[in-house]
Amino acid sequence: MDSLLLEQAVEKIRGAKRVVAFTGAGISVESGVPPFRGENGIWANHDPSCLDVKNFNANPDEAWKEIRAIFYDHFLAARPNAAHLALAEMEKAGYLQGIITQNIDNLHQKAGSKNVVEFHGSSQRLVCQTCGEIRQADEVNWVKLPPRCEDCNMVLKPDFVFFGEAIPMQAHKQASAETLMADVWLVIGTTGEVMPAASLPVDAKRNGKTIIEVNVCPSNYTDTVTDIFLEGKASEVLKAIMKSL
Ligand code: ZN
């Protein structure tokens with residue numbers, strides 16, 4: 001990591017009135033949560049149709065077997081890593097006002113972050129599509145599939161965005177508002193391929209905001225909207241930023 005660029009990034013953060021972090025799968029890889037795409041990604045080993053909302057509603061038993069294997073057999077035990085912890089520490093110290101995450105793994109909250117916008121929802125909650133009842137994933141009996149609503153006995157659905165579903169309205173609104181409000185966007189572990197999330201840093205840049213990017217290699221953002229590119233693992237870069245603040 002370039003120390004001059006790090007110093008520039010720290011100065012931007014110190015001088016900003018409002019800083020938000022925008023995070024993607026790359027920040028959770030060090031917690032053992034695989035990304036969806038890529039060679040060792042989830043879709044290399046699982047059938048994506050389990051997250052197609054039409055298919056899920058038509059074949060909930062089959063879809064839930066796959067969904068449990070992907071999201072609940074291991075991920076409920078995943079722990080936040082140094083990158084999540086550094087962001088929680090930055091928020092506590094007043095250097096960070098919020099996080100917009102594309103991840104559904106709940107690791108920012110586990111790390112202690114308070115103001116988290118879950119752009120794609122969360123695997124931590126299951127929702128009844130009929131009566132709206134919410135169950136926490138760690139209270140569900142995972143032996144018997146599919147999990148059902150205690151009130152109306154309908155199949156519960158993970159409260160995250162499936163293929164063919166819209167972004168939760170409130171999260172979309174809050175994230176869009178930050179493209180106008182926050183002067184600095186810390187873009188971490190995301191390559192800018194998943195729409196509509198990918199357009200948020202582009203909108204922020206168009207609104208005159210500063211984009212600081214943290215990624216292990218250059219992304220769609222690097223040559224287009226990024227002002228300061230800090231190349232490296234999220235844990236190492238964020239620890240270094242926090243230390244210099
Ligand atoms: Zn119900």
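Which residues point one way from β1 and which the other way, and are they buried or exposed? V19, A21 and T23 go one way, V20 and F22 go the other, and all are buried. That is the subject of the first close-up below.

This is a predicted model, so local features need pLDDT of at least 70 and side-chain atom pairs count only at pLDDT 80 or more, while totals for chains, interfaces and linings use all residues. Residues are numbered from 1 along each chain as its sequence is written, and side-chain values use heavy atoms, with hydrogens and water left out.

**View 1. Strand β1 and its parallel partners.**
Strand β1 covers residues 19-23; here strands (E, at least two residues) and helices (H or I, at least four) are DSSP runs, numbered from the N terminus. Because 5 of the 5 residues of β1 are buried, this strand is largely enclosed by the rest of the structure. Buried means under 20% relative accessible area, exposed means over 50%, and partly exposed is in between (1.4 Å probe, protein chains only). β1 pairs with β7 in the parallel sense over 5 bridges, where pairing takes at least two DSSP bridges between two strands. Look for T23, whose bridge partner in β7 is I188. β1 also pairs with β2, again in the parallel sense, over 4 bridges. In β2, G98 is the bridge partner of V20, and I100 is that of F22.

**View 2. Strand β2, one step along.**
In a regular strand the side chains alternate between the two faces of the sheet. In β2 (residues 98-101), G98 and I100 point one way and I99 and T101 the other, and all are buried. β2 pairs with strand β3 (residues 116-118) in the parallel sense over 3 bridges. I99 is the residue to find here, standing opposite V116 in β3.

**View 3. The zinc site.**
Four cysteines hold the zinc ion: C128, C131, C149 and C152, each through SG, at 2.3 Å. Donors are N, O and S atoms within 2.8 Å of the metal (3.2 Å for Na, K and Ca), and since water is not among the atoms, sites may look incomplete. The angles among the 4 donor atoms run from 97 to 124°, making the site tetrahedral; four donors earn that label if all angles lie between 85 and 135 degrees. Along the chain, the donors follow the spacing C-x2-C-x17-C-x2-C. The pair C131 and C149 links distant parts of the chain, 18 residues apart: C131 is in the loop between β4 (121-128) and β5 (134-136), and C149 is in the loop between β5 and β6 (156-160). C131 is partly exposed, with a relative accessible area of 43%, whereas C149 is buried at 2%.

**View 4. The open antiparallel sheet.**
Three strands make up this open sheet of 3 strands, in the order β5-β4-β6, with antiparallel pairing. β5 and β6 stand at the edges with a single partner strand each, so one side of each is left without a neighbour in the sheet. On average, neighbouring strands are turned by 40° against each other, direction ignored; the axes are lines fitted to C-alpha atoms, for helices over the stretch in contact, and angles run from 0 to 180 degrees between N-to-C directions. β4 and β5 pair over 3 bridges, and R125 stands opposite Q136 in β5. Helix α3 (residues 60-72) packs on the sheet, touching β4 and β6, and its direction makes about 40° with that of β6. Contact means heavy atoms within 4.5 Å.

**View 5. A few salt bridges.**
The count comes to 9 salt bridges, each a side-chain nitrogen of Lys or Arg within 4 Å of a carboxyl oxygen of Asp or Glu. One of them joins E118 to R125, with the closest N and O atoms 3.1 Å apart; E118 is buried at 14% relative accessibility, and R125 is partly exposed at 24%. Another joins E165 to K157 at 3.2 Å, with K157 buried at 4% and E165 partly exposed at 30%. R206 and D203 pair up too, also at 3.2 Å. Both lie in helix α7 (residues 199-206), 3 residues apart, about one turn of the helix.

**View 6. The buried residues of helix α8.**
Helix α8 (residues 234-244) has as its buried residues A234, S235, V237, L238, A240, I241 and M242. They pack against α1 (3-15), α4 (82-92), β7 (184-188), β8 (210-215) and β9 (228-231).

Conventions
Tetrahedral: all angles 85-135°; square planar, octahedral: opposite > 155°, others 65-115°.
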